[in-house]
Amino acid sequence: MGRQSEAMVHFQGRSGQAKLLLEGTEVLCRGEIRAKMPRCDIHGWAIDGDDLVLTTAQGPLRATIGLKDAEGWLRALAKPLPDLAEKLGLTQGRKAFVYGDLRDAALSAAVAPYRAHPASLAAVCIAELYRAQDLDGALGALGDLPLWGVTIKGNASPFSDGDLRRTMRSLGYVDTKSCAVSLEMTATRWQKRAK
């Protein structure tokens, strides 16, 4: 899904060199021109010569990146965004054992059709982690399953993604994937390091 291009960007009456990035649900512009545009605010895209032209809620953005690169951007922008269940790798054949309660509405809705009980019927364990004790319980319940550890975004969280990373790595786990769950929550997938 992601793309990045160095570009001369023209946006909101300003011009400058910037890196244009497509990251999941938003397009970012970093450099002399800075902008953050949610994908839902991008109403159209086109190629004009060597330029990628985005029609956004904040006004048109023109990025000179070359025809070939612009064509790649058009293909990437045209792909539908995966839903949360797809990001978590859940299907009817790959269900999740849920440890504890899911308080996040988006996560609960995404996981509901793919819940497995008992854990032996699941391909992955999902747990919301608000305290270190929540992680202890999840680790005790997951057996050999990979774990999606879901934490509150940001450093103000009582048990942040950084806390989760330090603990899991010290226990011999490796992170294999991460994704946004909602505006408040993020998820990281962990599995035991291969010996």
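Q: Is Asp161 buried or exposed in this predicted model?
A: Asp161 lies in helix α5, which covers residues 161-170. In this predicted model, the relative accessible area of Asp161 is 17%. Because the limit for a buried residue is under 20%, Asp161 counts as buried.

Q: Which side chain makes a polar contact with the side chain of Asp161?
A: Leaving aside neighbours within four places in sequence, Asp161 is in contact with Thr151, Thr186 and Thr188. A polar contact of 3.0 Å joins the side chain of Asp161 to a side chain from that list, and the partner is Thr188.

Q: Is Ser5 buried or exposed?
A: Ser5 is found in strand β1, residues 3-11, and touches Ala18, Lys19, Leu20, Ile65, Asp69 and Trp73 when residues up to four places away in sequence are not counted. Its relative accessible area is 3%, and since buried means under 20%, Ser5 is buried.

Q: At what distance does the side chain of Ser5 make a polar contact with the side chain of Asp69?
A: Asp69 is among the residues that Ser5 touches beyond its sequence neighbours. The two side chains also make a polar contact, for which the limit is 3.5 Å between N or O atoms, and the distance here is 2.6 Å.

Q: Which element supplies the largest share of the largest nonpolar core?
A: The largest nonpolar core has 21 residues, and those with the most contacts inside it are Val9, Leu20, Val27, Leu61 and Trp73. At least two residues of this core come from each of β1, β2, β3 (26-31), β4 (35-38), β6 (51-56), β7 (59-64) and α1 (67-78). The largest share, four residues, comes from α1.

Q: How many residues does the other core have, among them Ala85, Leu90, Leu102 and Ile126?
A: Val27, one of the residues with the most contacts inside the largest core, is in contact with Leu20, Leu54, Trp73 and Leu77, among others, leaving aside its neighbours within four places in sequence. Apart from that core lies another one, which includes Ala85, Leu90, Leu102 and Ile126, and its number of residues is 20.

Q: Is Gly72 buried or exposed, given its relative accessibility?
A: Gly72 is found in helix α1, and its C-alpha atom is separated by 31 Å from that of Trp148, 76 residues apart along the chain. The relative accessibility of Gly72 is 3%, and because the limit is under 20%, Gly72 counts as buried.

Q: Which residues of strand β5 does Val53 touch, when residues up to four places away in sequence are not counted?
A: Val53 has its place in strand β6 and is buried, with a relative accessible area of 17%. Strand β5 covers residues 42-48, and besides Leu61 and Arg62, the residues that Val53 touches are those that fall in that range, namely Gly44, Trp45, Ala46 and Asp48.

Q: What is the relative accessible area of Ala46, a residue of strand β5?
A: Leaving aside its neighbours within four places in sequence, Ala46 is in contact with Asp51, Leu52, Val53 and Leu74, while its C-alpha atom is separated by 11 Å from that of Arg75, 29 residues apart along the chain. Ala46 is partly exposed, because its value falls between the limits of 20% and 50%, and that value is 36%.

Q: Which residue is joined to His117 by a cis peptide bond?
A: Most peptide bonds are trans. The bond after His117 is cis, with an omega of about 10 degrees. The partner is found in the loop between α3 (105-111) and β9 (124-128), and it is Pro118.

Q: What is the phi of Gln12?
A: Most residues other than glycine have a negative phi. Gln12, found in the loop between β1 and β2 (14-23), has a positive phi although it is not a glycine, and the angle is about 55 degrees.

Q: What percentage of the residues of the protein chain count as buried?
A: There are five helices and 12 strands in the protein chain, whose C-alpha atoms fill a box of roughly 55 × 35 × 35 Å along the principal axes. The accessible surface comes to about 10,300 Å², of which 51% belongs to carbon and sulfur atoms. Of the 195 residues, the share that count as buried is 43%.

Methods:
Residues numbered from 1 in each chain as written. Predicted model: local features only at pLDDT ≥ 70, side-chain atom pairs only at ≥ 80, totals over all residues. Heavy atoms only, no water. Buried < 20%, exposed > 50% of the residue type's maximum accessible area, 1.4 Å probe, protein only. Polar contact = N/O pair within 3.5 Å; in protein donor to acceptor, adjacent residues only side chain to side chain. Contact = heavy atoms within 4.5 Å. Areas by Shrake-Rupley, 256 points an atom, 1.4 Å probe, with all protein chains shown as cover. Core = buried A, V, L, I, M, F, W, Y, C linked by side-chain atoms within 4.5 Å.
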